[in-house]
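This report goes through selected local features of one protein model, shown below.

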Amino acid sequence: MANTAPVILVIDDEEAIRDSCTQILLKQNYRVETAEDGSAGLRKIKDLKPEAVIIDLKMPGTSGFEVLESLPRLDPHLIAIVITGYATVDSAVEAMKKGAYDFLPKPFTPEDLRVILARGLERRRLVLEAEALRQEKKALEDSFITMVSHQLRSPLVAVQQYFSVILAGIVGDPGRLQDMIRKASQRLEGLLRLIEDWLNLARIDQGRLVGNMMPVDLRKVLGRVIETLGPSARESSVSLEWEGAAGSAFEVLADEEGLEQVFMNLLHNAVKYNRPQGRVRLELREEKDTAVIEVQDTGIGIAQEHLPFIFDQFFRVSRSADKARQGSGLGLSIVKKIIEAHQGRVEVQSEPGVGTSFIVRLPKRPIGEDRG
Ligand code: ADP
């Protein structure tokens, strides 16, 4: 198997430093390369593409500073750690300004080097991951037409496939026949939802979805959503529980249709990304002048690094578990737009394998306000 340990390049004219860094890093199972001066260092960066470099600032010939200046061209995400003498705090600061990740004053212990390097590599990993996600999303948006046609085509092709088998009259077993018709109908349902999402997004962008602000009783809206989603939750053997159901009206100034859409999307996801025998808990509570609605599930959860992107248009976490569940990647972007149009906020908390919680905050309608 190929060695995938990070490559660390040590650029220092002093043999003692090169040797000691090499020993420390090999012990940590890194792959280590060394260079005796700045220009050899730059060549090795180009050829070996290390994940991190440890650079002595003071070297004859090409200095550490010059190496630092060339790094953005070679690899903008390369982690550079500079080695400085005690008396040269100023040059360390200068190096940080030139893009060094951190500095290591001489003499340093193996632990100092290990900690700084591990932190630097972790930062690089996160930055690269965020970058890859951003690019993936951009590519997705760029290929909008391809995606739309794919997402429209695949359910239709599936339905056509079922129909051609049914029409060929080769399915003798009535149970099997029923099953195929049910599956075809589910694909059509998914397609309708997809078109509905696209239309809603277009309506929001034209300022048309959240156009009709009136006093709305949140309990009624949530009650309707739960009733609508009940059958699909039962089918997936997921239980829907509602806390804070009793009591008087819970009024907000809102576009009723828009709000219904928000909670349909959140609860639908909570069922869809759940596990069999899982639970969805809906809670309605009051915090000062704010109505708080929390939708909590016991589903597959969302990894920390994906959380910043889930409200973006077309973003879907690409996991095998996800691909089995149909969706457009538009639901949460619709939720966010509608909530923000109501001067509200939506937050998410999640733990992979444990569950996800979406928290919506909407300004409450002041008591006694005219029911115009
Ligand atoms: P989709 O149509 O893919 O469900 P959404 O915009 O509603 O699109 O959600 C975006 C992505 O966020 C989903 O593809 C899924 O990966 C993730 N997600 C949304 N809600 C949940 C949830 N309750 N549990 C786990 N993952 C979720």
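Helices (H or I, at least four residues) and strands (E, at least two) are DSSP runs, numbered from the N terminus. The model is predicted, so local features need pLDDT of at least 70 and side-chain atom pairs count only at pLDDT 80 or more, while totals for chains, interfaces and linings use all residues. Residues are numbered from 1 along each chain as its sequence is written, and side-chain values use heavy atoms, with hydrogens and water left out.

**A35 in strand 2**

A35 belongs to strand 2 (residues 31–35). Its relative accessibility is 4%, so A35 counts as buried (buried is under 20% relative accessible area, exposed over 50%, partly exposed in between, with a 1.4 Å probe and protein chains only). Leaving aside residues up to four places away in sequence, A35 touches L9, V10, I11, D12, R18, A40, G41 and K44; contact means heavy atoms within 4.5 Å. R18 and A35 are 17 residues apart in sequence, and their C-alpha atoms are 8.2 Å apart.

**Helices 2 and 3**

Helix 2 (residues 38–48) packs with helix 3 (residues 64–74) at an angle of about 15 degrees, the axes being 11 Å apart. Axes are lines fitted to C-alpha atoms, for helices over the stretch in contact, and angles run from 0 to 180 degrees between N-to-C directions. Helix 2 and helix 3 are therefore roughly parallel, a term for angles under 35 degrees. The residues that meet are G38, L42, I45 and K46 in helix 2 and V67, S70, L71 and L74 in helix 3.

**Helix 7**

Helix 7 (residues 174–205) has 32 residues, which at 1.5 Å a residue should span 46 Å; the end C-alpha atoms are 47 Å apart, which agrees. The expected span is 1.5 Å times one less than the number of residues. Buried residues in helix 7 include D179, M180, D197 and W198. At the start of helix 7, a side-chain oxygen of D173 comes within 2.9 Å of the backbone nitrogen of G175. After helix 7 comes G207, with a positive phi near 70 degrees.

**Backbone in the loops**

Most residues other than glycine have a negative phi, and most peptide bonds are trans. The peptide bond from K106 to P107 is cis, with omega near -5 degrees, and P107 lies in the loop between strand 5 (102–105) and helix 5 (110–142). Two residues that are not glycine have a positive phi:

| Residue and phi | Loop | Relative accessible area |
|---|---|---|
| S237, about 40 degrees | helix 8 (218–235) to strand 7 (239–243) | 32%, partly exposed |
| Q343, about 60 degrees | helix 11 (331–341) to strand 11 (345–351) | 64%, exposed |

Definitions and conventions
A polar contact is a pair of N or O atoms within 3.5 Å; within protein, one must be able to donate a hydrogen and the other to accept it, and residues adjacent in sequence count only if both atoms are side-chain atoms. Angles under 35 degrees count as roughly parallel, over 145 as roughly antiparallel, 65 to 115 as roughly perpendicular and the rest as oblique.
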